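Trainee: Please take a close look with me at a single part of this model, and tell me slowly how its residues relate to what surrounds them.

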Amino acid sequence: MSKGGHGAAAASVLMLKKSEDKRQESALREAFKRADSNGDGILSVEEYHKILQEHNISTSKEEIVNLKEISDKNGEGYITRSEFVVGQGKVGTSMEQKAEMAFRIMDSNNDGFITKREMLNTTSKLTEKQVTAVFVRNDKDGDGKLSKEEFKEMMCRDKKIQEN
């Protein structure tokens, strides 16, 4: 393939990526609009909790408070539309940041580790057998818990595998 062919292919890939990002951002804006039940342009803990429940995502208000603290970039005590879109989408949020956010949610007792029980309690999509397999593969020091570093390494490694 000529150099021009590679450049044209790369340009096409970039255009597709931008198109995908715009569709995702549009979907996130629409989700925010539905979640913002009183139309004030911000999400309260209650609104965030309600929309997650409506989509069968089990979470406690305490977990949403933790999410809010992570997403609330300006410290105003609530989540604005731009914070929601950036926090949920690919734009501006690295895989490492997403792994950090997921770790904080799963570490329900805030001891700096995720146990099998904590992982099972925060996700309805994994079976006990699957969680055990996750721990066998990623609990490097064999202490029966995933440290933040072990968890982030797992999340970032798995993301790289999916991208290839």
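Mentor: What follows begins with the chain as a whole, then stays with one helix and its surroundings, and ends with a few places elsewhere.

This is a predicted model, in which local features need pLDDT of at least 70 and side-chain atom pairs count only at pLDDT 80 or more, whereas totals for chains, interfaces and linings use all residues. Residues are numbered from 1 along each chain as its sequence is written, and side-chain values rest on heavy atoms, with hydrogens and water left out.

The chain has 8 helices and 4 strands, where helices (H or I, at least four residues) and strands (E, at least two) are DSSP runs numbered from the N terminus. Followed along the sequence, these elements give the pattern α-β-α-α-β-α-α-β-α-α-β-α. Of the 164 residues in the chain, 32% are buried; here buried means under 20% relative accessible area, exposed means over 50%, and partly exposed is in between, with a 1.4 Å probe and protein chains only.

The part I would choose for you is helix α5, which covers residues 95–106 and holds E100. With a relative accessibility of 18%, E100 counts as buried. If we set aside the neighbours of E100 within four places in sequence, E100 is in contact with K148 and K152, contact being heavy atoms within 4.5 Å. The side chains of E100 and K148 are also joined by a polar contact of 3.1 Å (a pair of N or O atoms within 3.5 Å; within protein, one must be able to donate a hydrogen and the other to accept it, and residues adjacent in sequence count only if both atoms are side-chain atoms).

Now move along to the aromatic rings, where the model has 1 aromatic pair by a rule under which rings of Phe, Tyr and Trp (its six-membered ring) pair if their centres lie within 6.5 Å, with planes under 30 degrees apart called stacked, over 60 edge-to-face and the rest tilted. That pair is made by F103 and F151, which are tilted, with 5.7 Å from centre to centre and 55 degrees between the planes. Because F103 belongs to helix α5 and F151 to helix α8 (residues 148–163), the pair ties together parts that are 48 residues apart in sequence. F103 is buried, with a relative accessible area of 2%, and F151 is likewise buried, with a value of 1%.

The same two phenylalanines, F103 and F151, appear in the largest nonpolar core, whose 12 residues also include A102, M106, I114 and M154. Such a core is a set of buried Ala, Val, Leu, Ile, Met, Phe, Trp, Tyr and Cys residues joined through side-chain atoms within 4.5 Å. Helix α5 shares in supplying this core with α6 (116–122), α7 (128–138) and α8, each of which gives at least two residues. A second core of 11 residues is separate, and includes F32, Y48, I51 and L52. In soluble globular proteins, nonpolar side chains tend to be buried together.

Beyond helix α5 comes a loop that leads to strand β3 (113–115), and N110 has its place there. N110 is exposed, with a relative accessible area of 58%, and has a positive phi of about 55 degrees although it is not a glycine. Most residues other than glycine have a negative phi.

Finally, a few places elsewhere serve for practice. E30 has its place in helix α1 (residues 3–35) and is partly exposed, at 38% relative accessible area. The C-alpha atoms of E30 and R81 are 9.9 Å apart in space, while these residues are 51 residues apart in sequence. L43 belongs to strand β1 (residues 42–43) and is buried, with a relative accessible area of 1%; from L43 to F32 the C-alpha distance is 7.9 Å, across 11 residues of sequence. S37, by contrast, sits in the loop between α1 and β1 and is exposed, at 55%.
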